[in-house]
Amino acid sequence: MNIEIEAKFFIKHDDARKLLDAIGARMTHAPRTMRRVVIHTDDMSERSAFVRIRDEGYRVTITYKEFKNDTVDGAVESEIVVDNFDNAVKIFSGAGLDYDTYQESIRENWQLDGAEIMLDKWPWLDEFIEIEAVSVEEVRKLAGLLGLSWSSAIFGGVANVYRAQYTYIGDDGIDEINHGWSMMRFNDPKPSLLTLPK
């Protein structure tokens, strides 16, 4: 499996685009809506792992991803490209692996010197970016070029981005995000977990 080296940062996308343009990065994929389904088995959940089928707008991927820990290089994954999202979902369902979550997001991709920068929007979250590169040093360097403080970096899955914004979410809340939300769509009402307790 491949080690993923990545960090996420809250930043308005208009600001990010100006900074990326200023340092010579180029946009490789315009903003588009992505849809994905996530499959967890009990065994995968114990290992902080999942299988994801994702329509990225220009390709469809199936990924096995596991978070060894919540650090810049704590994720490992294996990924293949397939030609049809719905058929891939049917294959897994036919094998008894039904998805437990359907998710939407909007993503825009940029590149600079082999590093990839993703501008992401998710339901009920502020805009953020993800920087992925071949080494921790490259991720840190690019974050610095964009004026982002390493102390504000978010590591791990998107549930950790929700926890970073909604700071009162505890471990039970992370579990609810990962396993309790069957739909994460932009037009859906905000889940009660993301409403400040009275």
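Where in the predicted model is the place of D100?

**Figure 1. Surroundings of D100 in the loop between α3 and β7.** D100 belongs to the loop that runs between α3 (85-94) and β7. With a relative accessible area of 25%, the residue is partly exposed, because this value falls between the limits of 20% for buried and 50% for exposed residues. The side chain of D100 forms a polar contact of 2.9 Å with the side chain of H40. Leaving out residues up to four places away in sequence, D100 touches V38, I39 and H40, together with H179, W181 and S182. P189 is 89 residues away from D100 in sequence, and the C-alpha atoms of the two are 19 Å apart in space.

**Figure 2. R107 and its partners in strand β7.** R107 is placed in strand β7, which comprises residues 101-112. The relative accessibility of R107 is 12%, so the residue counts as buried under the 20% limit. A polar contact of 2.7 Å links the side chain of R107 to that of D120. D120 is also among the residues that R107 touches when those up to four places away in sequence are not counted. The others in this set are A30, P31, R32, M34, R54, M118, L119 and E130.

**Figure 3. Buried and exposed residues of helix α1.** Helix α1 spans residues 13-22, and H13, A16 and L20 are buried within it. Viewed down the helix axis, the buried residues lie within an arc of 55°, and therefore line one face of α1. This buried set packs against β7, β8 (115-121) and β9 (128-132). On the other side of the helix, D14, K18, D21 and A22 are exposed. Just after α1, G24 adopts a positive phi of about 90°.

**Figure 4. E66 in strand β5.** E66 is part of strand β5, formed by residues 60-67. E66 counts as buried because its relative accessibility is 8%, under the 20% limit. The side chains of E66 and K68 are joined by a polar contact of 3.2 Å. Apart from neighbours within four places in sequence, E66 is in contact with two runs of residues: R47, S48 and A49, and G74, A75 and V76.

**Figure 5. The largest pocket and its lining.** The volume of the largest pocket is about 970 Å³. Its lining consists of 47 residues, of which F50, K65, F67, G157 and V158 are the closest to the pocket centre. Helix α6 (residues 171-179) supplies the largest share of this lining, with six residues. Divided by class, the lining of the largest pocket holds 22 charged, 14 nonpolar and eleven polar residues.

**Figure 6. The largest cavity and the residues around it.** The model contains one cavity of 30 Å³ or more. The space within the largest cavity amounts to about 30 Å³. Its lining is made up of E4, E6, F67, T71, V72, G74, A75, F155 and G156. By class, these lining residues comprise four nonpolar, three polar and two charged. F67, which lines the largest cavity, is also one of the residues closest to the centre of the largest pocket. G74 and A75, likewise part of the cavity lining, are among the residues in contact with E66.

Notes: Residues numbered from 1 in each chain as written. Predicted model: local features only at pLDDT ≥ 70, side-chain atom pairs only at ≥ 80, totals over all residues. Heavy atoms only, no water. 1 Å grid on protein atoms, 1.4 Å probe; cavity = no way out; pocket = protein on both sides within 12 Å on 5 of 7 lines; lining within 4 Å. Points joined across faces, edges and corners; volume = space filled by probe spheres on them. Helix = DSSP H or I, 4+ residues; strand = E, 2+ residues; numbered from the N terminus. Nonpolar A, V, L, I, M, F, W, Y, C, P; charged D, E, K, R; others polar. Buried < 20%, exposed > 50% of the residue type's maximum accessible area, 1.4 Å probe, protein only. Polar contact = N/O pair within 3.5 Å; in protein donor to acceptor, adjacent residues only side chain to side chain. Contact = heavy atoms within 4.5 Å. Arc of directions from axis to C-beta.
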